[in-house]
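Reader: I am a first-year student, and I should like to take a close look at one part of this protein. Please describe one sheet and then relate it to the rest of the structure.

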Amino acid sequence: MATSPKLDAKIPEGPLHEKWTRYRSTVPLVNPANKRNLEIIVVGSGLAGSSAAATLAELGYKVKVFCFQDSARRAHSIAAQGGINAAKNYQNDGDSVYRLFYDTIKGGDYRAREANVYRLAEVSANIIDQCVAQGVPFAREYGGYLSNRSFGGTQVQRTFYAAGQTGQQLLLGAYSALMRQVALGQVQMFTRHEMLNVVIIDGKARGIIARNLITGELERHFGHAVILASGGYGNVFYLSTNAMGSNATAIWKAHKKGAFFGNPCFTQIHPTCIPVSGDHQSKLTLMSESLRNDGRIWVPKKLEDAKAIREGKLNPNDIKEEDRDYYLERRYPAFGNLVPRDVASRAAKERCDAGFGVNATGEAVFLDFAYNLKYKYGMMEANKRGIKNPTEQQLKELGRPIVEEKYGNLFDMYKQITGVDPYENPMMIYPAVHYTMGGLWVDYNLMTTIPGLYALGEANFSDHGANRLGASALMQGLADGYFVIPYTIGAYLSGEIRTKPISTNHEAFVQAENEVKDQINLLLSVKGKYSVDHFHKKLGKIMWNKCGMSRNAKGLQEAIEEIRALREEFWKDVKVPGSDKEFNPELEKAGRVADFLELGELMCIDALHRNESCGGHFREEYQTEDGEALRDDENFCYVAAWEFRELGKWELHKEELKFENIKVAQRSYK
Ligand SMILES: Cc1cc2nc3c(=O)[nH]c(=O)nc-3n(C[C@H](O)[C@H](O)[C@H](O)COP(=O)(O)OP(=O)(O)OC[C@H]3O[C@@H](n4cnc5c(N)ncnc54)[C@H](O)[C@@H]3O)c2cc1C
């Protein structure tokens with residue numbers, strides 16, 4: 001299969017381990033005096049956006065940062081709990097740059113680009129140093145060394161963490177670096193601004209149209225280059241673990257202006273979330289993957305026990321050890337509870353579909369700490385204190401403070417939401433939408449198919465293939481922002497030093513603004529009967545049922561028709577109260593849902609065309625005898641990059657994936 005001529009990944013020549021070093025040593029540079037005249041727009045202030053903006057400003061560029069929250073510090077990255085990976089090998093357990101690279105490619109089911117992933121593994125160690133220098137309070141061992149824990153899909157401990165609030169601490173580090181530049185006047189910060197269009201002049205990205213969300217005013221902003229670090233689009237499913245405001249608008253508008261969309265159907269369903277409790281919910285809560293270090297996942301072995309638990313007639317603590325099915329440990333002895341997310345999610349679904357679910361809806365399994373709390377941590381403490389033959393109660397009491405220290409805030413969160421004390425009872429969990437591996441297609445430079453337009457962090461499709469490993473999103477966002485874009489954007493801008501700032505009266509700005517105005521006016525003019533949420537919820541149900549944890553051709557074909565019909569209904573019957581000249585969250589939401597209604601269709605088209613199963617994309621028609629994902633490397637070893645033609649019409653371009661440093665194999669965690 002040949003790569004489409006419209007896709008040039010620009011992978012540097014040379015052996016894998018030398019590509020990035022050579023690139024950095026030979027890439028064209030911009031001298032400091034010229035940097036001062038170059039303006040860069042960064043949309044997004046999460047880990048990817050903040051780290052990029054702070055670093056670029058530190059280098060001397062003039063930077064404008066946009067986010068829709070009231071503070072850069074409220075970006076969704078702040079929600080990240082469990083940790084960030086880095087190949088530091090602090091544990092001396094066999095980790096290396098190559099192993100992190102290998103785990104990530106394998107974890108992504110061989111659907112990511114080798115060169116990008118290797119670079120990610122290489123710079124991972126620098127990220128930790130950078131963050132420590134900023135004062136990020138990573139957990140430490142007694143002797144002062146940084147502590148590590150395990151995440152899924154690996155057999156080493158390479159995850160750095162700050163209790164269950166790693167994202168928050170990392171973002172505070174990046175935010176401090178950003179605010180330093182704001183204070184110095186190098187960065188202009190535009191909070192409560194939403195980017196609603198990209199401006200393209202002579203084929204290059206030259207600015208954006210943003211709406212001031214407080215006044216409703218539309219603003220035009222010029223930049224020599226534009227970076228989109230606007231996060232993922234999991235909220236297309238309505239219910240997800242993402243922040244309520246997370247949306248696809250920035251990348252979707254760019255897509256409609258010519259940026260190709262890579263692997264839109266690759267969605268991550270996270271296995272450990274608090275189960276859906278009813279139709280009233282607008283948000284799901286993640287229980288961090290770090291809990292799988294010590295929590296064991298099980299369902300009863302006997303159907304009658306599962307039924308009795310569901311009916312509230314049996315307490316799970318009363319089920320004997322031999323009557324419990326630790327199904328991940330049974331099916332995947334080599335990785336046990338730490339299999340990757342796609343594998344763990346499907347295994348939970350399989351047990352629940354077979355009737356072993358343990359909550360009222362039958363869609364929950366147990367995540368149980370009792371064993372390790374008592375026999376790992378309790379016993380360790382008992383040994384330390386010389387307590388011989390401790391009782392069960394003593395073990396519980398001794399182990400609890402250690403579990404509290406490691407996971408306390410997550411346990412508190414679970415108790416506050418469910419009313420159940422996870423120190424005393426197993427948690428109930430079920431898979432939920434969490435992350436999108438798809439995003440704007442980018443080359444090695446993180447540039448989209450529009451020259452001068454970049455995508456970073458979760459907004460791009462890069463690095464994770466068909467399934468992201470836990471703790472790798474923070475790593476990727478910060479790698480992109482702190483270590484990759486500062487070099488790659490320089491290469492582009494070195495060719496722009498003669499470009500003077502373009503007036504925002506340029507007709508391309510006027511036209512882009514008019515497109516935004518037209519959409520806003522249209523939304524306000526419908527004056528229909530149903531709220532925006534009504535449509536979003538319906539879309540979410542279609543997506544979850546037909547393009548969710550498992551998919552099949554018939555369901556996807558139906559979903560495409562249903563989404564088209566829903567989109568029509570939306571434009572006939574949506575009700576958006578208020579006006580565009582004021583703070584109007586319902587109008588913001590309407591624009592985002594309008595975009596989701598288009599993106600959802602493309603996700604289904606992509607899922608339908610990919611006649612194989614890989615990672616999070618599980619097509620029921622393509623599975624091994626024991627129910628694992630069955631890839632078709634001969635026909636689908638490519639990135640699907642979709643070019644927008646007109647609504648409902650896309651052209652597929654393929655970037656062939658070549659594996660020259662890794663042996664492609666059936667993924668196994670057994
Ligand atoms: C609950 C939860 C826990 C997680 N835990 C972990 C973890 O432990 N480890 C890990 O590696 N990953 C984790 N992840 C994933 C990780 O948090 C995200 O992938 C990552 O933080 C995304 O960062 P980002 O910078 O790309 O985008 P975000 O943090 O989502 O930031 C997006 C930014 O773009 C702005 N924006 C978006 N659209 C527009 C627009 N149109 N105009 C203006 N501004 C816009 C927003 O205001 C925001 O500032 C977790 C995810 C969730 C949901």
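**The open sheet and its surroundings**

Author: Gly 262 has Ala 641 in E18 as its bridge partner. This pair is a suitable place to begin, and it should be said at once that the model is predicted. The bridge belongs to the pairing of E10 with strand E18, residues 638-646, which is antiparallel and comprises 2 bridges.

On to the other partner of E10. Strand E10, residues 261-262, is also joined to E16 by 2 bridges, and these two strands run antiparallel. Here Phe 261 stands opposite Leu 440 in E16.

The next pairing is that of E18 with E19, which run antiparallel and are joined by 8 bridges. Within it, Glu 646 has Lys 649 in E19 as its bridge partner. E18 and E19 form a hairpin, with 2 residues between the strands. In the turn, Gly 648 has a positive phi of about 90°.

Taken together, these pairings give an open sheet of 4 strands, in the order E16-E10-E18-E19, with antiparallel pairing. Its edge strands are E16 (439-440) and E19 (649-656), each of which pairs on one side only. As a general matter, strands of a sheet pair through backbone hydrogen bonds, either parallel or antiparallel.

Leu 440 leads from the sheet to the interior. Neighbours within four places in sequence being left aside, Leu 440 is in contact with residues including Leu 228, Ile 251, Ala 254 and His 255. Phe 261 and Gly 262, the residues of E10, are also among the contacts of Leu 440, as are Ala 455, Ala 459 and Phe 461.

Leu 440 is also part of the largest nonpolar core, which has 202 residues. Together with Ile 227, Leu 228, Val 365 and Tyr 454, Leu 440 touches the most other members of that core. The element that gives the most to this core is helix H17, residues 585-609, with 13 residues. In soluble globular proteins, nonpolar side chains tend to be buried together.

A parallel pairing elsewhere offers a useful contrast. Strand E1, residues 39-43, pairs with strand E2, residues 62-66, in the parallel sense over 5 bridges. Val 42 has Val 65 in E2 as its bridge partner. Because 5 of the 5 residues of E1 are buried, this strand is largely enclosed by the rest of the structure. Glu 39, Ile 41 and Val 43 point one way from E1, while Ile 40 and Val 42 point the other way.

The ligand has its own surroundings. Of the 46 residues around the ligand, those that come nearest are Gly 44, Gly 46, Ser 77, Gly 231 and Gly 457. Among the elements that give two or more residues to this shell are helix H3 (47-59), strand E6 (193-201) and helix H7 (249-256). By class, the shell has 25 polar, 19 nonpolar and 2 charged residues.

Finally, the protein as a whole. Its secondary structure comes to 18 helices and 19 strands. Of its 670 residues, 54% count as buried. Among contacts between residues at least 6 apart in sequence, 74% join residues at least 24 apart. The C-alpha atoms fill a box of roughly 80 × 55 × 50 Å along the principal axes. The radius of gyration is 25 Å, which agrees with the value near 26 Å for a compact globule of 670 residues.

Conventions. Residues numbered from 1 in each chain as written. Predicted model: local features only at pLDDT ≥ 70, side-chain atom pairs only at ≥ 80, totals over all residues. Near = placed C-beta within 6 Å. Nonpolar A, V, L, I, M, F, W, Y, C, P; charged D, E, K, R; others polar. Rg over C-alpha atoms; globule rule 2.2 N^0.38 Å. Buried ≥ 20, exposed ≤ 12 C-beta atoms within 10 Å, placed from the backbone. Contact = placed C-beta atoms within 7 Å. Core = buried A, V, L, I, M, F, W, Y, C linked by C-beta atoms within 7 Å. Pairing = 2+ DSSP bridges.
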